Amino acid sequence: MNAVRRILQQHRPAKRVFARLLSDQSTCRVGVVGVPFEKGQRNTGVSRGPEVLRAAGVIQDLSSFGCDVKDYGDVKYEVVPAGKQLSNMREYDDFAACMEKVSSSVKQVLSDGRLCLSLGGDHSMGVGTIDGHYQAKGDLAVLWIDAHADINTSATSPTGNLHGMPVALLVKELADYWPYLPNMDWQVPMLSIKNIAYIGLRSVDEYERLILEKFGVTAYAMEDVERLGVHEVTQRALEAINPNGERSLHVSFDIDSLDPLEAPSTGTTGVSQLQIITP
Ligand SMILES: NC(=[NH2+])NCCC[C@H](N)C(=O)O
Ligand SMILES: [Mn+2]
């Protein structure tokens, strides 16, 4: 745990940014949900994310910014076997069971009148967090900050890893491209692909690129962030997906969007990625 503390020491600037943002809200009420899930990809240790972030003081930090924080604990699930092998979707049974619980926990937090901070885990958790958010708030705008588009279907995925598929499961425009998914009847794709903006893309698969082009998805790659700056890119992204500010905003942040110098322990590192800059 000392290593985690050391890394956070180095990241005081990031904490200052959060503190400034949150102090603007006089009543900042937050609910924290842990999603210790790792079966959307192949590395072990990923599911320790919530435990490590809690041990590093995420709850205390939010409280010290003046937020009223309630920890809803970690999501637990029981597997109900689908009874058939789903092609090119590894660990499907665990995924379906876990995401149903994530969705209901996120919905609960939001219904309690709190902002929801969900800690992972792997990025397949976006299926649960966005579904729950949608159920509580209706029409959403999604900022997906990630080196990857995570918009493969089981037919296009080069790996069969579910962490590369969450966006394709969530958007209604791709609903017809999936087979019937047992134990996922609770999840109806409701999000419009037009209301998603990507920031930080660096590694997009061939078919993912086709999908992004076909639907004209708002996407800013790392080169755009380098050229325009992160403020301008974020502004443009929000204008595209939430021009009147009336949609509830969901931010899904994948740590592999950060430069490995900032976050070396992700499964999918690359060069030239987002950096934390002292404000
Ligand atoms: N959330 C992530 N790290 N996703 C990486 C996905 C990599 C690749 N596109 C795949 O489908 O497997
Ligand atoms: Mn991702």
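## The annotated binding site

UniProt, in an unreviewed entry, puts the feature "binding site" at His123, Asp146, His148, Asp150, Asp254 and Asp256. These residues are spread over 134 residues of sequence, yet they cluster in space, with 12.1 Å as the largest C-alpha distance. Keep in mind that what you're looking at is a predicted model.

## Two of the aspartates

Let's start with Asp150, which sits in the loop between E4 and H7. Is Asp150 buried or exposed? It has 28 C-beta neighbours inside 10 Å, and 20 or more is enough to count as buried, so Asp150 is buried. If you skip its neighbours within four places in sequence, Asp150 is in contact with His123, His163, Gly164, Met165, Pro166 and Val167. One of those contacts, His123, is also on UniProt's binding-site list.

Asp256 is found elsewhere, in the segment after E7. Asp256 counts as buried too, because it has 23 C-beta neighbours inside 10 Å.

## Around ligand 1

Which residues come nearest to ligand 1? Out of the 14 around it, they are His123, His148, Thr159, His163 and Gly164. Two names here, His123 and His148, also appear in the UniProt binding site. His163 and Gly164 have come up already as well, as contacts of Asp150.

Sort the shell around ligand 1 by class and you get nine polar residues, four charged ones and one nonpolar.

## Helix H6

Now for helix H6, which runs over residues 126–137. At 1.5 Å a residue, its 12 residues should span 16 Å, and the end C-alpha atoms are indeed 16 Å apart, so the expected span and the model agree.

H6 is mostly covered, with nine of its 12 residues buried. Those buried residues are Gly126, Val127, Gly128, Thr129, Ile130, Asp131, Gly132, His133 and Tyr134. What do they pack against? Their partners are helices H5 (92–111) and H7 (166–170), plus strands E3 (115–119), E4 (140–145) and E7 (248–253). E4 and H7 are also the two elements on either side of the loop that holds Asp150. Just after H6 comes Gly138, with a positive phi near 75°.

## The whole chain

Stepping back, the protein chain has 10 helices and seven strands. It has 279 residues, and 37% of them count as buried. Looking at contacts between residues at least 6 apart in sequence, 70% join residues at least 24 apart.

Note on methods:
Residues are numbered from 1 along each chain as its sequence is written. Chains are lettered from A and ligands numbered from 1 in the order in which they are written. This is a predicted model: local features need pLDDT of at least 70, side-chain atom pairs count only at pLDDT 80 or more; totals for chains, interfaces and linings use all residues. Helices (H or I, at least four residues) and strands (E, at least two) are DSSP runs, numbered from the N terminus. The expected span of a helix is 1.5 Å times one less than its number of residues. Two residues are in contact if their C-beta atoms, placed from the backbone, lie within 7 Å. UniProt positions are given in the numbering used here, feature names are shortened, and annotations may be inferred rather than shown by experiment. A residue is near a molecule or strand if its C-beta atom, placed from the backbone, lies within 6 Å of it. Ala, Val, Leu, Ile, Met, Phe, Trp, Tyr, Cys and Pro count as nonpolar, Asp, Glu, Lys and Arg as charged, and the others, Gly among them, as polar.
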